[in-house]
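Work through the exercises below with the structure in view. Try each task before reading its solution.

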Amino acid sequence: MANYQKKSLSLVAYLILMIGAGFALLTAIQVISLSRIAQSDSKADHVESYSILADALKLAMDNTVEGYFKDLQVYAGADVMLDGDLEAAARWMLDNTRVRAAEFDYMMITGPDGLAFTDVGKRTEINDRDYFQAIMKEGKSRYVDNPVVARTTGKTVIHVSEPLKDKHGKKFAMITGVIDVADLIKPVKELNVPDGVWVFMLDHYGNIIYHPAAAEGGNFLTSPGEGHEDLIQYSQKMIDGESGYAWIKSYTGNGQDLLVYSYIEGTPWAFGFSVAQGTMEALGNKIALTSVGFGIGVLIAILLLGGIVLVAALKPLTVVRDTIHGIATGNADLTRRITVSSNNEIGQVVNGFNQFTEKLQDIIREIKSSKNDLGIAGEDMAASAEDTATAIHQIIANIDSFGHQIDNQKKSVDQTAGAVDEISANIDSLNHMIEGQSSGVSQASSAVEEMIGNINAVTSSVERMKEVFGDLHTHSQEGFSKLEAVSQKVAAIESQSATLQDANTAISSIAEQTNLLAMNAAIEAAHAGEAGKGFAVVADEIRKLSETSSQQSTQISNQLNQIMTSIADVVHASEEASRTFSQVSQELADTDQLVMQVRTAMEEQNEGSKQIVGALKMMNDSTQEVKVASGEMQEGNKLILSEVQLLQDVTISMKQSMDEMLAGARKINETGVALQEVSDKMEQSIGKIGKQIDEFRV
């Protein structure tokens with residue numbers, strides 16, 4: 001029943017699946033067509049809508065800029081401006097801040113030199129600003145600049161400027177209104193646009209004045225983003241004063257975004273709308289989703305209706321299913337037939353089933369007649385196989401018993417051979433150990449004798465070292481004594497140098513007094529007139545001698561100072577050498593003690609080495625006796641090992657013969673077991689076939 005039910009359900013499911021697939025294909029084609037039409041119309045509608053919105057925003061921005069210039073007329077039309085006095089105009093502006101429009105942060109009046117006066121009490125230089133150049137240098141009647149950072153407030157601002165003229169129409173200054181960019185773009189930021197739509201503004205250099213999604217400080221002319229180079233040409237058109245729309249590579253997907261752009265009259269700015277592809281395709285996607293939902297509903301209805309119709313059409317097959325189920329699960333009544341009530345394809349299937357059942361009834365009737373003969377043959381085969389298996393088991397048991405006895409004998413022989421091998425190995429090992437010990441004793445004796453010779457050599461070297469250290473200690477003492485004598489002589493030289501210094505000081509003093517006397521003599525000679533000329537010559541010579549003595553005294557003093565410095569260095573070096581000689585003398589004494597200790601240790605080592613040599617000679621004699629006895633044991637062990645090897649070979653030969661006999665017997669046993677299994681399976685098969693055949697009613 002389960003198989004027939006599965007086939008019936010599979011047929012119904014297949015037909016329903018084919019109907020559903022066809023309808024789904026048609027629905028998909030319809031959805032795709034409607035979506036594309038809707039997306040195309042949606043793009044056209046967005047182009048038209050945002051072009052209108054761009055025109056409206058342009059008009060609003062134009063009016064805003066025009067309003068800025070109208071606010072400047074309050075200043076340009078004031079009576080004080082007719083006098084052409086820059087200072088007076090600046091004072092008037094400062095006193096009338098109430099007339100300043102709310103859009104302006106502050107006002108500026110600038111003279112031809114570029115010095116600007118503000119109505120917030122500050123002055124600033126603007127002669128490098130482009131709006132100053134445009135009005136005062138290039139003669140423009142009005143100007144709006146790009147956003148810059150104000151020097152007065154530090155904010156990002158724009159400047160709306162026009163010239164100031166006196167009553168004769170001569171330009172003497174310019175008036176400028178300063179507007180915070182944040183206030184300028186506030187209406188643009190507050191513009192209500194759907195998600196996926198961005199409104200932005202650019203200055204004359206392509207810098208972004210405002211963009212809700214772009215990074216601050218960006219530039220669409222120089223850095224529009226990787227893969228978006230197509231935006232550069234449209235940005236250039238915007239700042240060149242063109243209006244229009246274009247399709248650019250999408251920033252949010254793989255398609256194209258809509259770009260609607262325009263410029264602002266009277267300014268170097270431009271603005272645009274960027275509409276994401278997803279926003280434009282929203283309507284088409286909505287229509288597609290609606291179509292898909294409707295199609296799914298219709299598909300479900302068709303599948304339900306088709307299922308009902310198919311179940312009703314295939315209902316006659318349930319009679320065939322019930323009949324087959326009765327034959328399969330009941331008493332296998334092959335006498336049952338199905339009544340044919342229709343002449344269509346299902347009726348032909350039922351008629352074929354009746355013919356098949358009648359043919360099967362004839363076959364089962366013949367099988368039932370031969371079932372008993374087949375059962376008797378199976379019983380005879382089973383009895384013969386059982387007798388054969390019993391005889392083979394008895395043969396194998398006898399072979400196994402004999403094999404166990406041979407195995408036991410082989411194990412005993414193997415154990416004996418192993419023991420003999422182990423004894424032989426031990427003897428060989430002992431022999432090797434004895435030879436190694438004998439060689440080691442000989443080597444040790446040689447090493448000890450060599451060590452004794454080395455000890456004697458070391459002892460001689462230590463004796464020589466002791467004599468050398470004694471001489472070195474004596475020489476160091478002599479050097480220390482001589483160094484002290486040198487130090488004493490240097491001290492005496494230092495004392496004598498001090499005496500020379502005192503004498504030089506006295507000479508310098510005498511030279512000064514002589515010079516003084518010469519000067520006095522010259523004065524007296526001058527007083528004496530002609531009578532004192534000879535005395536004046538003598539006085540002059542004495543003065544020259546005094547000056548020469550003074551110079552020589554100064555040089556001697558310098559030389560003595562240098563000598564004193566050198567003597568001080570020698571004294572210091574002598575003291576350092578004395579301390580070094582003392583340390584060397586002490587270290588030589590310590591080294592001499594160590595040499596004595598080494599000498600004592602070498603003498604003790606020499607005595608111990610002689611005792612070791614005597615013991616090694618006794619050990620070498622004993623080793624030779626053991627080596628002779630080990631050789632005799634090794635010869636006897638070789639004879640025993642040859643006899644055990646012969647016995648082991650005979651046992652192995654018998655073991656191999658028994659293994660071959662056992663393998664043959666087991667092969668016969670396996671054949672008998674296989675025959676028994678075949679007999680059992682045949683008997684079971686005959687029994688099963690008999691039970692199945694007996695269930696059929698023929």
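**Exercise 1.** Find the element that holds V292, and decide whether V292 is buried, partly exposed or exposed.

*Solution.* Start with the position: V292 sits in helix α7, which covers residues 282-313. The model is a predicted one. Next take the relative accessibility of V292, which is 36%. Buried means under 20% and exposed means over 50%. V292 therefore counts as partly exposed. Finally, look for nonpolar company on the surface: V292 forms a nonpolar patch there with I296, I300 and L304. Together the four have about 360 Å² of accessible area.

**Exercise 2.** Describe the chain as a whole: how many helices and strands are there, and what percentage of the residues is buried?

*Solution.* The count gives 10 helices and 12 strands. Of the 698 residues in the chain, 33% are buried. The chain exposes about 42,100 Å², and 57% of this comes from carbon and sulfur atoms. For the contacts, take those with a separation of 6 or more: residues 24 or more positions apart account for 63% of them.

**Exercise 3.** Give the strand order of the open sheet that contains β12, and say which strands stand at its edges.

*Solution.* The open sheet has 5 strands, in the order β9-β8-β12-β11-β10, with antiparallel pairing. The edge strands are β9 (208-210) and β10 (244-249). Each has a single partner strand, so one side of each is left without a neighbour in the sheet. From one strand to the next, the twist averages 30°.

**Exercise 4.** Trace the pairing of β12 with β8 and with β11.

*Solution.* Take β8 (residues 197-202) and β12 (residues 270-275): 6 bridges join them, and the two run antiparallel. Within this pair, F200 has G272 of β12 as its bridge partner. Now turn to β11, which is also joined to β12 by 6 bridges and runs antiparallel to it. Here L258 stands opposite V275 in β12. β11 and β12 form a hairpin with 6 residues between them, and G266 in the turn has a positive phi of about 80°.

**Exercise 5.** Are the faces of β12 covered or open, and which helices pack on the sheet or lie across its strands?

*Solution.* First count the residues of β12: 6 of 6 are buried. Then separate the two sides. A270, G272 and S274 are buried on one side, and F271, F273 and V275 are buried on the other, which leaves both faces covered. Helix α5 (residues 230-239) lies across β8, β10, β11 (256-263) and β12, at about 20° to β11. Helix α4 (residues 181-189) packs on the sheet as well, where it touches β8 and β9. The direction of α4 makes about 65° with that of β9.

**Exercise 6.** Locate Y205 and list what it touches beyond four places in sequence.

*Solution.* Y205 lies in the loop between β8 and β9. Leaving out residues up to four places away in sequence, Y205 touches N146, N219 and L221. Compare Y205 with Q236: the two are 31 residues apart in sequence, and their C-alpha atoms are 8.8 Å apart in space.

Note on methods. Residues are numbered from 1 along each chain as its sequence is written. This is a predicted model: local features need pLDDT of at least 70, side-chain atom pairs count only at pLDDT 80 or more; totals for chains, interfaces and linings use all residues. Side-chain values use heavy atoms; hydrogens and water are left out. Two strands pair if DSSP finds at least two bridges between them. Axes are lines fitted to C-alpha atoms, for helices over the stretch in contact, and angles run from 0 to 180 degrees between N-to-C directions. Contact means heavy atoms within 4.5 Å. Patches are made of residues with over 30% relative accessible area and no salt bridge: like charges are joined within 9 Å, nonpolar side chains (Val, Leu, Ile, Met, Phe, Trp, Tyr) within 5 Å. Accessible areas come from the Shrake-Rupley method with a 1.4 Å probe; for residues, only the protein chains shown count as cover. A salt bridge is a side-chain nitrogen of Lys or Arg within 4 Å of a carboxyl oxygen of Asp or Glu. Buried means under 20% relative accessible area, exposed over 50%, partly exposed in between (1.4 Å probe, protein chains only).
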